[in-house]
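Open the model in your viewer and keep the sequence panel in sight. Each stop below says what to select and what you will find there.

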Amino acid sequence: MLRPAIRGAARGRSFATHTSSIPRNYPSITPPYPTLIQNLNHVRSVLKRPLTLAEKILYSHLHDPVHGLGDGGRIRGEAYLQLKPERVAMQDASAQMALLQFMSAGLDRCAVPTSIHCDHLIQASDGAEADLKRSIISNQEVFDFLESAARKFGIEFWRPGSGIIHQIVLENYAAPGMLMLGTDSHTPNAGGLGMLAIGVGGADAVDAMTGTPWELKAPQIVGVHLTGSLSGWTTTKDLILHLAGKLTVRGGTGRIIEYFGPGVHSQSCTGLATIANMGAEVGATTSTFPYTSNMRGYLHATGRGPVAQAADEAAGKGFLSADDGAEYDEVIEINLSDLEPTINGPFTPDLATPLSKFGAFVKEQGWKDELSAGLIGSCTNSSYEDMTRVADLARQAKAAGLTTKVPFLCTPGSEQIRATMERDNVTSTLQDVGAVVLANACGPCIGQWKREDKKGEENAILTSFNRNFKSRNDGNRYTMNFLASPTVVTAMAFSGSLSFNPMTDSLTLDSGNRFKFFPPSGQDLPSTGFTPGDTSFYPLPTPEPQPDAEVVIQKDSQRLELLEPFTSPFNDGNLELPPLKVLMRVRGKCTTDHISAAGPWLKYKGHLTNISENLLITAVNDEGGDVNVAFDHDAPSGITETGTIPGVAKRLKGRNQPWALVVDENYGEGSAREHAALQPRFYGCNLIVARSFARIHETNLKKQGVLPLWFADKTDYSRIGSGDMIETVGLVNLLQGHPDAIIKLRVTNREGEIFEIPTTHTMSIDQIKWLHAGSALNHIRSQMK
Ligand code: SF4
């Protein structure tokens, strides 16, 4: 059944511009500055030292600003903060599980303003209108579920085609000094407006939505001091690509990146958002910037003058920038004048190569000097500034009679950007040189690209997106995906070769003449203002909940399934975990994409049984080195049988045998995908022991009642193998409320040898309660009774 609201979105997509203004509820989008400043004054009386901006925002959002920092001893990197986020945003894929969890908490409305954004489920194939119509039909039941749940609980619902979550948040909800959670790892994009926006799993979002204090281990603060200025081809994208190369994908873990210095103030607000967006690629908790006049300009241009005015007043009281003399845990100096365009990849966002060296790099690697497609846009780089700079290059090329040599796809970040691009002839300029404009959605950035060419073939694409793990864009693991600024992607799409450097090289025209691009120029903001586009995409601000509304889940649905609470392993009163069988030892990089693959699996986000079939299917088994291979040492045949990882996990579940995983460094890096924690738990995993964990994923495991332990001695990793039995020793002390308790693992290997392995953990008092209850949600529900 097509529900009218969603069907209207497809039909209502109009390429005409609309002039009516966007409805706003200013109190709901303006941080409560007087209260925050008062909270900060309490904190100052304890800390008595200059504070960084990130600290000001965090500490002013403490649930208990008077006692929340204890005696003010060492906080950063050590204390656990109980915070009160102001807002939650969820994308359509992660919102399903978040809402299913919220529903089981038994409340009738969200405790904070919340929005849902339908963007990840739109598949890119033939162009905006056709793709949107087809995707709405193929995801109908999910959109119906989300829309009906939004109606019931008073959530702002952004329909398919309205745009990408982070662009919409920046245009509508973000505000200086705000603390927001989003169920997507690129939520930090909103930091471009001088706030803290943190990507979390659905279970954390449920904390904020239920008014439960949200816990965060106080991050360390890295200061990035920006001097000099960007010029020519170099953009803020190049700054973050360069920084990713310096910091690596782990360098930001457990840290907030706070930029400061004169170089901040010369960047556009959307340019800062690009930097904040990609802070996720170095694992940073989030990124932020002091309030600037360009932020003020952006708030006014997006119809939020009253928010700008309130921010001006808060800035006047010193709230929106670091105190003089504030100390950072590390300071990185970057002179923007020294930067050059940078290309990162393939397969990891921290492999940074300056543009001038990229041709030689391609040659050294023995790759074909051939680009197969250029893709621009996404939540990272689809600002008006990005698009007008790209259009400038397209105009230059068109005047020379050039069209792009390879498919050139453009994803606008929002309906407002799409409509403004269209009005200002940016779209037609791009189309004139061969661009295909896709729907305002994630599309190729998240594997939703129905690519017909290069299947299974090695090929290279350039994108202006933010993430480039293997297979992420087109599902082809041989597609080498490089990240660059939109202007570099565009210029290279005209040459079709990877070694082309638009700063120095020229192209040969049909006439035999040579053509060289001038450095691109664009405009930060449209001189005649933004046009909202099709206003039927805009939800009513802070709608009233409709308790009588029915949440639509189709009977026998393969996409949505109500959640059954997990059982606590401690229900029998024994406060050690039951003996656990080791499923496998995972080798090397294991991102949340490896644990719970995206692409075609996205359609099962709301159906735990079905999506669990993808558990770890791209992970490497350290015993043998194969992908998606596990060993069942207790097969009924009496011999060790080989199966897929989810297959063997299911067998263990079928035998009521709880199990454990042994994993390598930075386990669970990448997207904040709570399914990567839910799925192992669903199959019976109670313990994961790692050389190290990525922060968000470690918290997600705790939320689902899986105990994450760290090897005290990393070499112990190789001492445990599949089929070994593990028992915890000392967990009882932790569960009795002693976070300092030491937990050891007693391992009985398959040869019968018994030995103990020391571990460490990061469990806080509250997280211990989640573990005891079997999950955080079980704990929250028990508190509501
Ligand atoms: Fe969508 Fe890609 Fe942005 Fe994620 S990073 S929100 S998938 S556009």
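A pocket here is an open set of grid points, on a 1 Å grid, with protein on both sides within 12 Å along at least five of seven lines. Keep in mind that this is a predicted model.

**Stop 1: the largest pocket**

Select Ser471, Gly475, Ala598, Gly599 and Pro600. About 1100 Å³ of space lies in the largest pocket, and these five residues are the closest to its centre among the 42 that line it. Now colour helix 6 (128–138) and helix 20 (592–595). Each gives the lining at least two residues. Which helix supplies the largest share of this lining? Helix 6 does, with three residues. Colour the lining by class next. You get 14 nonpolar, 13 polar and 15 charged residues.

**Stop 2: the second largest pocket**

Move on to Phe566, Thr567, Lys653, Arg681 and Phe682. The space in the second largest pocket is about 530 Å³. Its lining has 28 residues, and the five you selected are the closest to the centre. Four helices are worth showing here: helix 5 (92–104), helix 21 (608–611), helix 23 (675–682) and helix 27 (776–784). Each of them supplies at least two lining residues. By class, the lining of the second largest pocket splits into twelve nonpolar, eleven polar and five charged residues.

**Stop 3: the ligand**

Centre on the ligand and show the side chains around it. Which residues surround the ligand? Histidines come up at His120, His166 and His186. Cysteines come up at Cys379, Cys442 and Cys445. Ile164, Asp184, Ser378, Ile446, Asn466 and Arg472 complete the shell. By class, the shell around the ligand has five nonpolar, five polar and two charged residues.

Stay on Ser378. Its phi is positive, about 80°, although Ser378 is not a glycine. Trace the backbone on either side: Ser378 sits in the loop between strand 14 (373–377) and helix 16 (384–399).

**Stop 4: a cis peptide bond**

Jump to Gly345 and Pro346. The peptide bond from Gly345 to Pro346 is cis, with omega near 5°. Pro346 lies in the loop that runs between strand 12 (342–344) and strand 13 (352–354).

**Stop 5: a helix pair**

Finish with helix 3 (residues 33–47) and helix 4 (residues 53–60). Their axes come within 8 Å and cross at roughly 110°. Angles of 65 to 115 degrees count as roughly perpendicular, and helix 3 and helix 4 are therefore roughly perpendicular to each other. Show the contact: Leu36, Asn39, Leu40, Val43, Arg44 and Leu47 come from helix 3, and Lys56, Tyr59 and Ser60 from helix 4. Five residues of this contact are nonpolar, two are polar and two are charged.

How values were computed. Residues are numbered from 1 along each chain as its sequence is written. This is a predicted model: local features need pLDDT of at least 70, side-chain atom pairs count only at pLDDT 80 or more; totals for chains, interfaces and linings use all residues. Side-chain values use heavy atoms; hydrogens and water are left out. On a 1 Å grid over the protein atoms alone, a cavity is a set of points where a 1.4 Å probe fits but cannot get out, and a pocket is an open set with protein on both sides within 12 Å along at least five of seven lines; lining residues have an atom within 4 Å of a point. Grid points are joined across faces, edges and corners, and a volume is the space filled by probe spheres set on the points. Ala, Val, Leu, Ile, Met, Phe, Trp, Tyr, Cys and Pro count as nonpolar, Asp, Glu, Lys and Arg as charged, and the others, Gly among them, as polar. A residue is near a molecule or strand if one of its heavy atoms lies within 4 Å of it. Axes are lines fitted to C-alpha atoms, for helices over the stretch in contact, and angles run from 0 to 180 degrees between N-to-C directions. Angles under 35 degrees count as roughly parallel, over 145 as roughly antiparallel, 65 to 115 as roughly perpendicular and the rest as oblique. Contact means heavy atoms within 4.5 Å.
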